[in-house]
Amino acid sequence: MTEARRARTAALTRAGVLASVWIAVDQLTKHTIATGIAPGQVTHLIGSVIELVNVRNTGVAFGFLSGGGALVLIFTLVALGALLGFLVLRSERRLLWVPTGLLVGGAIGNLIDRIAGGSVIDFIKLPHWDAFNVADMGITFGVISLVLVLELGARRGG
C-alpha cells in the first residue's frame with residue numbers, strides 16, 4: 001500500500017469513527033429529551049444559565065430555511081460530498097479528519113431527525129440564544145476546527 005493510500009485510509013477511518021460516535025451521542029441525547037421532557041416544558045439544568053427544552057426545528061441553524069425540506073436535504077448532501085472529497089484529496093493534511101468527522105457526524109445526526117420526523121429536536125437552551133443540540137455543536141466545532149486546520153496548514157506551507 002502506498003503512503004498516500006495509507007494516509008487516506010487512516011484519515012477516512014478516523015473521521016468515520018469520530019462521526020459515528022458523534023451521531024450516537026446526538027441520537028441518544030435527543031431520544032432522552034424526547035421521552036423525558038414534554039414539548040414546551042423547560043427544565044433548569046444549571047440555575048437559569050442552561051435550560052433543557054424540547055423544541056422542533058424544521059430549518060437549519062437558528063431556524064434558517066425553516067420548512068426548506070428537500071432544499072435542506074440537497075444542500076446538506078452536496079456539502080457533505082464536497083467535504084469528503086476534500087478529505088480524500090487532502091488526506092495528508094494534518095488533523096483534517098477532525099473537522100470532517102465533526103461536520104459529517106453533526107450533519108447526519110440532524111438528517112436522521114429530518115428524515116424520521118420532519119424536524120430536528122433541539123434541547124439545549126442558553127440565555128439569549130436559540131435552542132440547539134449535540135449535532136449542532138458538532139457542526140459548529142467542525143467549522144471552527146476546519147478554519148483552524150486550513151489556516152494553520154496554509155501558514156506552515158501545507
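The side chain of S145 reaches the backbone oxygen of G142 at a distance of 3.2 Å. This value, like the others below, comes from a predicted model. S145 lies in helix α4. With a relative accessibility of 15%, S145 counts as buried, because the cut-off for buried is under 20%. Leaving out residues up to four places away in sequence, S145 touches V98, P99 and L102.

From this one residue we can step back to the whole chain. The chain has four helices and three strands. Along the sequence, these elements follow the pattern α-β-β-α-α-β-α. The chain has 158 residues, and 35% of them count as buried. The accessible surface comes to about 9,200 Å², and 70% of that surface belongs to carbon and sulfur atoms. Among contacts with a separation of 6 or more, 66% are between residues 24 or more positions apart.

Next come the strands. The three strands form an open sheet in the order β1-β2-β3, with antiparallel pairing. The edge strands are β1, residues 42-46, and β3, residues 120-125, and each of them pairs on one side only. Neighbouring strands in this sheet are turned against each other by 30° on average, direction ignored.

β1 and β2 can be followed in more detail. Four bridges join β1 and β2 in the antiparallel sense. V42 stands opposite V53 in β2, and T43 stands opposite L52 in β2. The two strands form a hairpin with three residues between them. In the turn, G47 has a positive phi of about 55°. In a regular strand, side chains alternate between the two faces of the sheet.

N57 belongs to strand β2, which covers residues 50-57. Is N57 buried or exposed? N57 counts as buried, because its relative accessibility is 12% and the cut-off for buried is under 20%. The side chain of N57 makes a polar contact with the side chain of D122 at 3.4 Å. D122 falls within the residue range of β3, 120-125.

The sheet also meets a helix. α1 lies across β2 and β3, and runs at about 85° to β3.

The helices bring us to the nonpolar cores. In soluble globular proteins, nonpolar side chains tend to be buried together. The largest nonpolar core here has 13 residues, and those touching the most other members are L80, L83, L87, L96, L103, V104 and L146. Which helices each supply at least two residues of this core? They are α1 (3-36), α2 (70-89), α3 (97-117) and α4 (134-155). The largest share, four residues, comes from α3.

L80 gives a closer view of the packing. Leaving aside its neighbours within four places in sequence, L80 is in contact with L103, V104, A107, I108 and L111. Apart from the largest core lies another core, of nine residues, including W22, L102, I124 and V134. L102 leads back to the starting point, as L102 is one of the residues that S145 touches.

How values were computed. Residues numbered from 1 in each chain as written. Predicted model: local features only at pLDDT ≥ 70, side-chain atom pairs only at ≥ 80, totals over all residues. Heavy atoms only, no water. Buried < 20%, exposed > 50% of the residue type's maximum accessible area, 1.4 Å probe, protein only. Contact = heavy atoms within 4.5 Å. Areas by Shrake-Rupley, 256 points an atom, 1.4 Å probe, with all protein chains shown as cover. Core = buried A, V, L, I, M, F, W, Y, C linked by side-chain atoms within 4.5 Å. Polar contact = N/O pair within 3.5 Å; in protein donor to acceptor, adjacent residues only side chain to side chain. Pairing = 2+ DSSP bridges. Axes fitted to C-alpha atoms, helices over the stretch in contact; angles between N-to-C directions.
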